[in-house]
Amino acid sequence: MENVLSILFCLSLFYLSVTSRVKAYVTVLRVQGIILTILLVIPFLSHFSVYGIIIPATMLIVKVIYIPRYINKVILDLDIKRRIEPTIQQMVFLALVIATIVIIFFASQLLSKSTPLNVIPFASGFSAIAIGIYIIMFRKKLIVHVCGFLVLENGIFLFGTSVAFELPMLIELGTLLDVFVVVFLMGIALNRISSTFEGFEVAHLGRLKD
Amino acid sequence: MGLGLLQGIVSVLVVLGLSPLFAGLVNKLKAILTGRIGAPLLQPYYEMQRLFRKETINAIGSSFISRISPLVNLVTMIIAAAMLPVGFWKPVISFDGDIILFAYILGLSRFFQILAAMDIGSSFEGMGAAREATFALFAEPIFFFSFGSISFISGYTSLYMILHSIQHQNISYEVFIVICSISVFMLAVTECSRMPVDDPNTHLELTMIHEVMILDNSGLDLFLYQYSGYIKLFIYAILEISFFYPFSGQGYLLGIIIFITGSLVLATALGVVETIASRYKMKNIPQYLLFATAIGILNLLIYTFTR
């Protein structure tokens, strides 16, 4: 079951690397949130505990409902255009993503010989981290950078679940809070920039002067 | 042995006889979904009958290539159809490694079509041939990645044996079906020049891919090209359906039922996609195909590492 969900996660990553709409990014974030929530809920189906259900519930509220809604609100408020404006061709980006995923799968296969881990969730999480970084590197829009950061964060989560089945709860809650703060700050930053500049592209930040 | 051969011949006849009906069904569904009444279900048969009666005229500058190309097209399609399992019937041609023959038989037909298009010497057709060759380059890996991974799982290299040895108890097989059928659907859409890649109804030479190559053919030649086009669509439909055979539990009757419902569902899916999707820009098509290849690669990776 974990493998199945990880495959779906990988498919969502592929979709991220071909789509050219900002809205699609938000949808993919929502889907990834749902996948991660299911992944966290599965262990509690066999032995239920109220204490353990807190993280999935928080996850559902923050990742599936609150953050996408907030990003959508920012998009609406600031009237951001729907194209993501990549800096390299989408086709090259997709080829890069495929190459990365293949390398990561083989690397994690090698790793799994020395340390006990689930290859597929591990590799999917690892790929999500890499692709999140790629999105931040090769896109112009700030709002897409936020999405890239969130994908990276999802990747860390999946990565964590594959290495150790029970992460210390405090750390997990900490990561969630971290993300929330980042999104919040980005929103504020975008609002500030919008009052000063017209566009929301990183290129404009290069010309920032006091 | 006698019964097996009979079954194979019947299934080839089924493919040859019903392929225009399938194309007619897709067109009818598309018309209904866009709010039109549409042509009758048997329209492809009528059109083929009309073309059959017409005189064949060849371009002055053309050589023997354009004479034999339509025939080669039809014959390769029939051979490809003879390799497909319809329901649970054993196909006529079935041996170890026939997935590779299957891919390159289809490749041969495309090769001859491209040659014939260039042979006529019209600039439009040369352009169409160039496009067809480019997109075929990206489409071929999709077939090999999806069928290569399914052959990895089963351990056989013959289409019939692959589909007959797979059990579906494992949950990962179901996921595999879903993922694989997505990429094969994208392949079918490309190869049969349907909507997101190529519009079969377009009449502007600059935007056509497949249709522009047969622009200068007439009469019997056009009949052969169109008929092989219908057969090709049906072949890809059967390929897509064949992923679902393991659900039938090796029963003959259930296999036939899956075949029929699968065709209907697939025709509906094609109709819906053609209704809601708009055509991609020409430069975005390789990206679309690479996406399908990526899905295939993912499949292969997963099956290498969960074994």
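This is a guided tour of a predicted model with chains A and B, arranged as a series of selections.

**Chain A as a whole**

Begin by selecting chain A and colouring it by secondary structure. Nine helices and zero strands should appear. Followed from the N terminus, the order of elements is α-α-α-α-α-α-α-α-α. Of the 210 residues in chain A, 34% are buried. Among contacts in chain A with a separation of 6 or more, 73% join residues 24 or more positions apart.

**Helices H1 and H2 of chain A**

Next, select residues 2-18 of chain A, which form helix H1, together with residues 22-41, which form helix H2. Two packed helices are described by the angle between their axes and the distance between the axes. Here the axes come within 10 Å and cross at roughly 170°. Because angles over 145 degrees count as roughly antiparallel, H1(A) is described as roughly antiparallel to H2(A).

Now display the side chains at this contact. On H1(A), the residues to show are A:Glu2, A:Leu5, A:Leu8, A:Phe9, A:Ser12, A:Tyr15 and A:Leu16. On H2(A), they are A:Tyr25, A:Val28, A:Val31, A:Gln32, A:Ile35, A:Ile38 and A:Leu39. By class, the residues of this contact comprise 11 nonpolar, two polar and one charged.

Keep H2(A) selected and hide the rest. Its 20 residues should span 28 Å at 1.5 Å a residue, and the end C-alpha atoms are 29 Å apart, which agrees. Which residues of H2(A) are buried? They are A:Val22, A:Tyr25, A:Val26, A:Val28, A:Leu29, A:Gln32, A:Gly33, A:Ile35, A:Leu36, A:Leu39 and A:Leu40. To see what these buried residues pack against, restore H1, helix H4 (54-78) and helix H7 (142-163) of chain A.

**Where chain A touches chain B**

Show both chains. In this view, 18 residues of chain A are in contact with 16 residues of chain B. On the chain A side, two or more residues come from each of H1, helix H5 (90-114) and helix H6 (119-138). H5(A) gives the largest share, eight residues. The side of chain A that touches chain B has 15 nonpolar, three polar and no charged residues.

**Helices H1 and H2 of chain B**

Turn to chain B and select helix H1 (2-33) with helix H2, residues 43-53. Their axes are 7 Å apart, and the helices pack at an angle of about 125°. That angle makes H1(B) oblique to H2(B). From H1(B), the contact involves B:Pro20, B:Ala23, B:Gly24 and B:Asn27. From H2(B), the partners are B:Gln43, B:Pro44, B:Tyr45 and B:Met48. The classes at this contact are five nonpolar, three polar and no charged residues.

**Helix H3 of chain B**

Select residues 64-81 of chain B, which make up helix H3. For 18 residues at 1.5 Å each, the span should be 26 Å, and the end C-alpha atoms are indeed 26 Å apart. Where is the kink in H3(B) centred? It is centred on B:Pro70, with a bend of about 25°.

B:Pro70 is also one of the buried residues of H3(B). The others are B:Ser66, B:Ser69, B:Asn73, B:Thr76, B:Met77, B:Ala80 and B:Ala81. Add H1, helix H4 (98-120) and helix H8 (219-241) of chain B to see the helices against which these buried residues pack.

**Three single residues in chain B**

First, centre on B:Pro141 in helix H5 (residues 123-154) of chain B. B:Pro141 is partly exposed, with 18 other C-beta atoms within 10 Å. Leaving aside neighbours within four places in sequence, B:Pro141 is in contact with B:Thr293 and B:Gly296. Then pick B:Ala292: its C-alpha atom is separated from that of B:Pro141 by 9.1 Å, although the two are 151 residues apart along the chain.

Second, move to B:Ser193 in the loop between helix H7 (171-191) and H8 of chain B. Is B:Ser193 buried or exposed? B:Ser193 counts as buried because 21 C-beta neighbours lie inside 10 Å. Its phi is near 45°, a positive value in a residue other than glycine.

Finally, select B:Leu264 in helix H9 (residues 252-276) of chain B. B:Leu264 is partly exposed, with 13 other C-beta atoms within 10 Å. A distance drawn from its C-alpha atom to that of B:Met118 comes to 37 Å, for residues 146 apart in sequence.

Methods
Residues are numbered from 1 along each chain as its sequence is written. Chains are lettered from A and ligands numbered from 1 in the order in which they are written. This is a predicted model: local features need pLDDT of at least 70, side-chain atom pairs count only at pLDDT 80 or more; totals for chains, interfaces and linings use all residues. Helices (H or I, at least four residues) and strands (E, at least two) are DSSP runs, numbered from the N terminus. A residue is buried if 20 or more other C-beta atoms lie within 10 Å of its own, exposed if 12 or fewer, and partly exposed in between; C-beta atoms are placed from the backbone. Two residues are in contact if their C-beta atoms, placed from the backbone, lie within 7 Å. Axes are lines fitted to C-alpha atoms, for helices over the stretch in contact, and angles run from 0 to 180 degrees between N-to-C directions. Angles under 35 degrees count as roughly parallel, over 145 as roughly antiparallel, 65 to 115 as roughly perpendicular and the rest as oblique. Ala, Val, Leu, Ile, Met, Phe, Trp, Tyr, Cys and Pro count as nonpolar, Asp, Glu, Lys and Arg as charged, and the others, Gly among them, as polar. The expected span of a helix is 1.5 Å times one less than its number of residues. The bend at a residue is the angle between axes fitted to the seven residues ending there and the seven starting there.
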